[in-house]
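Biologist: Can we go through the salt bridges in this one? Show me the model before we start.

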Amino acid sequence: VTRTAPSSIAENRHAVLDRIATAARAAERKADDIALVAVSKQQPQEKIDAMLATGQRVFGENRVQEAMGRWDEGRRQGVELRLIGPLQSNKAREAVALFDVIETVDREKLAAVLAEEMARSGRIVRLYVQVNTGEEPQKAGVSPGEADGFIATCRERYGLAIEGLMCIPPEAEPAGLHFALLRKIAERNGAAKLSMGMSGDYETAVRFGATSVRVGTALFGAR
Ligand SMILES: *Cc1c(COP(=O)(O)O)cnc(C)c1O
């Protein structure tokens with residue numbers, strides 16, 4: 001049995017949940033306060049179905065089109081789907097129809113279109129603001145310096161309830177610094193949720209207060 005075979009999916013999930021629980025205990029937190037988001041992007045359907053069979057119910061996707069093809073009505077039953085990749089305004093309608101959570105709100109145009117689309121459809125999607133904590137030019141997200149103003153704009157001008165913040169730290173830097181920064185921004189803006197931590201650093205993220213971790217490779221194997 002290889003680490004990536006469908007039969008090992010349950011073992012992988014068990015191991016990740018175990019590590020989350022251990023990290024939570026060390027930080028004097030409750031493991032139940034940390035949601036495991038299984039990042040299913042680019043994974044074969046058989047592995048995703050194996051993951052569903054384990055009881056995993058929260059999944060992350062980074063592309064609207066790909067997610068639409070994969071998560072038909074049947075598969076979506078009882079599943080919480082999160083968009084963790086960049087969203088173009090012209091895909092907002094599809095995104096609001098498909099996702100329960102959008103974690104990548106990062107510009108006013110998108111905030112406006114999401115507000116409009118939620119009003120039109122009557123569907124409420126939970127929203128996170130993505131912060132580019134490392135200020136990397138190639139990465140999406142508002143810069144840390146713009147975050148307070150942007151969150152206020154989302155709330156006051158567009159009536160959006162910003163539930164939390166999300167970040168993807170630079171690969172070459174200690175993730176903890178970025179997690180701490182995201183937490184500080186969230187605290188001063190009254191954003192309760194923190195989406196941070198991936199396969200390589202989710203235990204660190206738990207120590208720094210993550211309320212959800214986005215794990216792909218460690219659950220499904222390489223993409
Ligand atoms: C792909 C992806 C992940 C998962 O990454 P792994 O290293 O495979 O765990 C998490 N967050 C975002 C935003 C991603 O695009």
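**Salt bridges**

Modeller: Here it is; keep in mind that this is a predicted model.

Biologist: How many salt bridges does the count come to?

Modeller: The count is 18 salt bridges.

Biologist: Start with R76. Which residue does R76 form a salt bridge with?

Modeller: R76 pairs with E73, and their closest N and O atoms are 3.8 Å apart. Both sit in helix α4 (residues 73-76), three residues apart, so about one helical turn separates them.

Biologist: Are those two buried or exposed?

Modeller: R76 is partly exposed, at 22% relative accessible area. E73 is exposed, at 56%.

Biologist: Now R157. What is its partner?

Modeller: R157 forms a salt bridge with E108, with 2.7 Å between the closest N and O atoms. R157 is in the loop between α7 (144-156) and β6 (162-166), while E108 belongs to helix α6 (residues 108-121), so the pair ties together parts 49 residues apart in sequence.

Biologist: And accessibility there, buried or exposed?

Modeller: R157 is exposed, with a relative accessible area of 57%. E108 is partly exposed, at 32%.

Biologist: Different topic: the strands. Where do E163 and R126 lie?

Modeller: The side chains of E163 and R126 meet in a salt bridge, 3.1 Å from N to O. E163 is in strand β6 and R126 in strand β5 (residues 126-130), so this pair links distant parts of the chain, 37 residues apart. R126 is partly exposed, at 29% relative accessibility.

Biologist: Which residues are linked in a network of salt bridges?

Modeller: E80, R82, E103, R126 and E163 are linked that way.

Key:
Residues numbered from 1 in each chain as written. Predicted model: local features only at pLDDT ≥ 70, side-chain atom pairs only at ≥ 80, totals over all residues. Heavy atoms only, no water. Salt bridge = Lys/Arg side-chain N within 4 Å of Asp/Glu carboxyl O. Helix = DSSP H or I, 4+ residues; strand = E, 2+ residues; numbered from the N terminus. Buried < 20%, exposed > 50% of the residue type's maximum accessible area, 1.4 Å probe, protein only.
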